[in-house]
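Colleague: I would like to learn how to read this model feature by feature. Could we start with the charged pairs and then work outwards?

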2 protein chains.
Amino acid sequence: NHIIICGYGRNGTQAARKLLAYNKAFVVIEKDKELIDRFTDDDMHFIHGNANEDETLIQAGVNRASTLICALPNDADNLFVVLSARQLNKNLCIISRASQETSYKKLKLAGADNVILPDKIGGDHMASLVVVPDLIEFIDNLSIVGKSNINIEEIEVEKLYNVSTVKTIKDLDLRQKTGCNVIGFKDGEGDYVVNPEAETRLVPNSKIIVLGRPEQIQKLNTVYNID
Amino acid sequence: NHIIICGYGRNGTQAARKLLAYNKAFVVIEKDKELIDRFTDDDMHFIHGNANEDETLIQAGVNRASTLICALPNDADNLFVVLSARQLNKNLCIISRASQETSYKKLKLAGADNVILPDKIGGDHMASLVVVPDLIEFIDNLSIVGKSNINIEEIEVEKLYNVSTVKTIKDLDLRQKTGCNVIGFKDGEGDYVVNPEAETRLVPNSKIIVLGRPEQIQKLNTVYNID
Ligand SMILES: [Ca+2]
Ligand SMILES: [Ca+2]
């Protein structure tokens, strides 16, 4: 149930750093032995090899892994790894980077669940800094992953109340009890509502997205005994 | 008061696309003539030349520009352009991309106001997809820039009421009038509050960040006559 990262370049390094911060178990496949020797320690586990060889993926435990992050610099290599990994494990969640926009569809076809285009995200970000600078500053300062100082969180409704009698957002009244603000709702079918109405019914298998200052999020987790 | 984009690679292209969508005037400096011939049209204005020559920057109107987006593939080139542009125009807002994390500080020292690391953002994004997938999907689907279907907006309080008598968020009651949800506040000194209290005083020169479904944001803009 671990995560495999292919490639310890700039993308892979940052992904590893985040996963470490969140205490997730992962292993990194990297072909550069020097890089491995430099960064191996108690927290970082490497496999020396080429991710586009099936044996290397198997050695990394692709059959029992939950997720594969494909962060190689070359789109053709990522495509090869995505296709191989998909063949080896049908249930794997596969996330790949891509340099070229034209690779997006190909990687999806090969079996990737998510494709991330860093240069596209970066270009968007630069333009948004021109058009809506305060908004970007606000969003960039929201903390969404980490152990403390979180501003935004997704919560399964089952953690908030006994769903055998369905309640609404208004019934739950998180604002009054914790200060938190419900900004999103995802129903059991996976459809999202931004800024849901107070009358929204919190049916089983749905989730809410809450926003708050760190102390409010903390209070919510304490009040509802969420880990 | 226009924007200059240096480099029409993947980053620069995406930045240009966003600025076009937002009807912002800009010019692109690109040294590859073939690329220019392929993409020049009524909307796209190019200057053929090397951004690290002062004459090219001057030709692009650096002295009267509001913003320069430096999107060259090489960090040393970006550093050179940032430093040159800063010398030519003290008031310019300079946004640069960087590949290496170690370039961040150098670009800031050279005069960049914002430095964007696409690979870092991309790596973060991939890890966050593992840790908080629904949250990332929610945020990715929020529309923050564009003409229609916007979910989130920053608004100067002066556009909402006559600030000669200061009102609070509660007094304004945007939720009742438009359905919009106030999720952030930026005071006159530039400090942000996430999920501000209803009692927050909307002093002159402050801004609020609102979240809503597109029809709610539209209603807010209509009710308050915001363009
Ligand atoms: Ca990498
Ligand atoms: Ca570029």
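**Charged pairs across the interface**

Modeller: R97(B) and D119(A) are both buried. The model is predicted.

Colleague: What links R97(B) to D119(A)?

Modeller: In general, side chains of opposite charge can pair when their charged atoms come close. Here R97(B) and D119(A) form a salt bridge, with 3.2 Å between the closest N and O atoms. The pair runs between chains, from strand 5 (residues 93–97) of chain B to helix 6 (residues 118–131) of chain A.

Colleague: And which residues does a network of salt bridges with shared partners join?

Modeller: R10(A), R97(A) and D119(B) belong to one such network. One link is the salt bridge between R97(A) and D119(B), at 3.1 Å from N to O. That pair goes from strand 5 (residues 93–97) of chain A to helix 6 of chain B, and both R97(A) and D119(B) are buried. Another link joins D119(B) to R10(A), whose closest N and O atoms are 2.7 Å apart. This pair also crosses between chains, with R10(A) in helix 1 of chain A.

Colleague: Is R10(A) buried or exposed, or in between?

Modeller: Buried means under 20% relative accessible area and exposed means over 50%. R10(A) has 38%, so R10(A) is partly exposed. D119(B), with 8%, is buried.

Colleague: How many salt bridges are there between chain B and chain A?

Modeller: The count between the two chains is eight, and the structure holds 18 over all chains. Among those between the chains is the salt bridge of R17(A) with E101(B), at 3.0 Å from N to O.

Colleague: How many residues does each chain put into the contact?

Modeller: Chain B gives 71 residues and chain A gives 70 residues. Together the chains bury about 6,000 Å², of which 63% is on carbon and sulfur atoms. There are 27 residue pairs in polar contact between chain B and chain A, counting pairs with both residues at pLDDT 80 or more. On the side of chain B that touches chain A, helix 6 (residues 118–131) gives the most, with 14 residues. By class, that side of chain B has 35 nonpolar, 18 polar and 18 charged residues.

**Calcium ions**

Colleague: Now the ligands. Which atoms coordinate the calcium ion (ligand 2)?

Modeller: A metal site is read from its donor atoms and from where they sit in the chain. For ligand 2, the donors are the N of G9(B) and the O of A71(B), at 2.3 to 3.0 Å. G9(B) is in the loop between strand 1 (3–6) and helix 1 (10–21) of chain B, and A71(B) is in the loop between strand 4 (67–70) and helix 4 (75–88) of chain B, so the pair ties together parts 62 residues apart in sequence. G9(B) is partly exposed at 35% relative accessibility, whereas A71(B) is buried at 5%.

Colleague: What coordinates the calcium ion (ligand 1)?

Modeller: Ligand 1 is coordinated by G9(A) through N and A71(A) through O, at 2.3 to 3.0 Å. In chain A, G9(A) lies in the loop between strand 1 (3–6) and helix 1 (10–21), and A71(A) in the loop between strand 4 (67–70) and helix 4 (75–88), so this pair ties together parts that are 62 residues apart in sequence. Relative accessible area is 36% for G9(A), which is partly exposed, and 5% for A71(A), which is buried.

**Two residues in helix 4**

Colleague: How should a single residue be read? What does N78(B) touch?

Modeller: Place the residue, check its burial, then list its contacts. N78(B) lies in helix 4 of chain B and is buried, at 0% relative accessibility. Leaving out residues up to four places away in sequence, N78(B) touches C70(B), A71(B), L72(B), S96(B), R97(B) and L107(B). Its side chain reaches the backbone oxygen of L72(B) at 2.9 Å.

Colleague: Where is R86(A) found, and what does its side chain reach?

Modeller: R86(A) is in helix 4 of chain A, and at 18% relative accessibility R86(A) counts as buried. Its side chain reaches the backbone oxygen of N89(A) at 3.1 Å and makes a polar contact with the side chain of D113(A), also at 3.1 Å.

Terms used
Residues numbered from 1 in each chain as written. Chains lettered and ligands numbered in written order. Heavy atoms only, no water. Contact = heavy atoms within 4.5 Å. Buried area = accessible area lost by both parts, 1.4 Å probe. Salt bridge = Lys/Arg side-chain N within 4 Å of Asp/Glu carboxyl O. Polar contact = N/O pair within 3.5 Å; in protein donor to acceptor, adjacent residues only side chain to side chain. Helix = DSSP H or I, 4+ residues; strand = E, 2+ residues; numbered from the N terminus. Nonpolar A, V, L, I, M, F, W, Y, C, P; charged D, E, K, R; others polar. Donors = N, O, S within 2.8 Å, 3.2 Å for Na, K, Ca; no water. Buried < 20%, exposed > 50% of the residue type's maximum accessible area, 1.4 Å probe, protein only.
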